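Colleague: I have a model open on my screen and would like to learn how to read it. Could you walk me through it, one feature at a time?

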Amino acid sequence: MNRVAPSEGGAAADIHRHFRGLIVSGVLGGGERLPTVRQVAGDLGVAPGTAAKAFRQLEQEGLVVTRAGAGTRVSPEAALLPYGVVDRIRALVNESRRQGATIDDVLAALRASWDSEP
Amino acid sequence: MVYLFEMFAFVAGTAVGVVLARRAARGVERAVPPSLEPRRRVIRIARAWAVSIVVVFSLEWWFPTVAGGMGLSPTIDAAGYYQWWRYWPPVAATAVWVIVVAAALARTRPRPEAPVGAGLRRTWRTYLRPADVRLALAALALLSVTVLVAGLASSSGESGWFTVLTIPVGDQGAGSATFPGWGNGVPVLLAAALVAVSALRVLNADSIAPFHSPATADDETALRQAAAVSVLAVAAAGILLGLGHLWLAIGSAGEGSVGVGIPHIGTFTFQAGYAAIAPAIAYAGAALEGLGFFLIIRMACAPLKIRTVRVETARVDAR
């Protein structure tokens, strides 16, 4: 988990920076739907308008795309990896933790698998 | 014969559920923070209370038998057909369970004290296993198709309800058999729709609710998972019990025959068009019921083990 300290820009700027970090670091995949404004506002204890403002900033920067009926999704161009890959990485991380595997061993196995597969 | 198989499904589903639940009982429940204790109590009571659905099913099943033995026939109408309310009670009991549990979960949801940042979108499916979701959706789809097809095949009896299957008897007219047509299927489908909508609402509300605090987020996630899995298991089980009972009745109707005696020639019997596969439909119905019993009993008998779950969200100090 990463922690983002409050800044001068206020809550909207914090939320914007938080999601920007998740997108460019690869935590969120290209095409993945962002949480709803209602969920973000509830989780962070802010007004829905504040969360919506942060989402608008992300959209202006081209990090997310909002379409009517399809919600707000991470722009494929802005993301490190497509959502399909990120989703499987999450499943791998969950299973590895459940089995008690270390990240070093998982990375080593991933690299070996990557190199051995045609 | 198929009703003996139904009894076998009841016993087998229950027994296998108990055995698997006992196997799952190995291990000790972990303590949760005091703020989450009411919620865990609700989930534990709700899981035990789910057995009431099996009890309702058994009553609906055994009561006519016992009453019939006493010379009463409370479920048979004047024309000799099953009453329309014969099929929906287990599904309606499931809907009541889901609605009451939803209210209890909402009341015991801890108030947010410190923000836990939302990185990932949470939906009604977030805390569920995809295979469980597929099973529930398949059961609901199959129930809808069954009610539609059986309804279209049914005829209105003397009572006016569409609870009769007309069996053509050559040029001698037609016979009829008790059949779960619109009169029986629609109440089951309405109850199943209520179950589905109620389950969807509680799963969604529980999923998008904010967490209490970063310190309790892992335990909250584990409890949300336990609640979601329980709600879906009960919802799927209720729908399966309704579906299984309909299939059993459809199969039984198909196995029946109408006899016509012609003087000096003999007696001819006529059956429904699907008589060849009717036994298979009836046995499949009993098996679906067995699966419903299994889902409820396994969940109700297993201890509520809270495993530590790491929250896949990032934390933000946004206030």
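Colleague: Let me start with the order of helices and strands: which pattern does chain A follow, read along the sequence?

Modeller: Gladly, and please keep in mind that this is a predicted model. Along its sequence, chain A reads β-α-α-α-β-β-α-α, with five helices and three strands. Chain B has eight helices and five strands, in the pattern α-α-α-α-α-β-β-α-α-β-β-α-β.

Colleague: And which domains does the assignment give for chain A?

Modeller: Domain 1 covers 10–74 and domain 2 covers 83–116. Their C-alpha centres lie 27 Å apart. Six residues from domain 1 of chain A and four residues from domain 2 of chain A take part in the contact. On the domain 1 side, the touching residues are one nonpolar, four polar and one charged. As for overall dimensions, the C-alpha atoms of chain A fill a box of roughly 50 × 30 × 25 Å along the principal axes.

Colleague: Next, burial. What percentage of the residues counts as buried in chain A, and what percentage in chain B?

Modeller: The general idea is to count neighbours: a residue is buried if 20 or more other C-beta atoms lie within 10 Å of its own. In chain A, 30% of the 118 residues count as buried. In chain B, buried residues make up 45% of the 319 residues.

Colleague: Can we try that on single elements? How many residues of helix α2 of chain A are buried?

Modeller: Six of the eight residues in α2(A), residues 37–44, are buried, so the helix is mostly covered. Those residues are A:Gln39, A:Val40, A:Ala41, A:Gly42, A:Asp43 and A:Leu44. Just after the helix comes A:Gly45, with a positive phi near 65 degrees. For contrast, look at strand β4 of chain B, residues 266–271: the count of buried residues among its six is zero.

Colleague: What does β4(B) pair with?

Modeller: For pairing, look for bridges between strands. Here, six bridges join β4(B) to strand β3 of chain B, residues 257–262, and the two run antiparallel. One of the pairs is B:Ser257 with B:Gln271 in β4(B). The two strands form a hairpin with three residues between them, and B:His264 in the turn has a positive phi of about 70 degrees.

Colleague: Now the helix just before that hairpin. How do the expected and modelled spans of α7(B) compare?

Modeller: The idea is to work out a span from the residue count, then check the ends. At 1.5 Å a residue, the 39 residues of α7(B), 217–255, should span 57 Å, and the end C-alpha atoms are 56 Å apart, which agrees. With 34 of those 39 residues buried, α7(B) is largely enclosed by the rest of the structure.

Colleague: Where do the nonpolar residues gather, and which have the most contacts inside the largest core?

Modeller: In soluble globular proteins, nonpolar side chains tend to be buried together. The largest nonpolar core here has 80 residues, and those with the most contacts inside it are B:Val98, B:Val231, B:Ala235, B:Ile239 and B:Ile296. Elements of chain B that each supply at least two residues include α4, α5, β1 and α8. The most comes from α7(B), with 22 residues. Beyond its neighbours within four places in sequence, B:Ile239 is in contact with B:Val91, B:Ala139, B:Leu140, B:Leu143, B:Ala192 and B:Val195. Apart from this core lies another, of 23 residues, among them A:Ile23, A:Val40, A:Leu58 and A:Val86.

Colleague: Last one: how do I read a loop? Is B:Arg111 buried or exposed?

Modeller: Start with the neighbour count again. B:Arg111 sits in the loop between α4 and α5 of chain B and has 8 C-beta neighbours inside 10 Å, so it counts as exposed. Then look for partners far along the chain: B:His212 is 101 residues away from B:Arg111 in sequence, yet their C-alpha atoms are 5.6 Å apart.

Colleague: And B:Leu128, what is it in contact with?

Modeller: B:Leu128 is found in that loop between α4 and α5 of chain B too. With 19 other C-beta atoms within 10 Å, B:Leu128 is partly exposed. Leaving aside neighbours within four places in sequence, B:Leu128 is in contact with B:Val133, B:Ala228, B:Val229 and B:Leu232.

Note on methods:
Residues numbered from 1 in each chain as written. Chains lettered and ligands numbered in written order. Domains from an automatic or database assignment. Contact = placed C-beta atoms within 7 Å. Nonpolar A, V, L, I, M, F, W, Y, C, P; charged D, E, K, R; others polar. Buried ≥ 20, exposed ≤ 12 C-beta atoms within 10 Å, placed from the backbone. Helix = DSSP H or I, 4+ residues; strand = E, 2+ residues; numbered from the N terminus. Pairing = 2+ DSSP bridges. Expected span 1.5 Å × (residues − 1). Core = buried A, V, L, I, M, F, W, Y, C linked by C-beta atoms within 7 Å.
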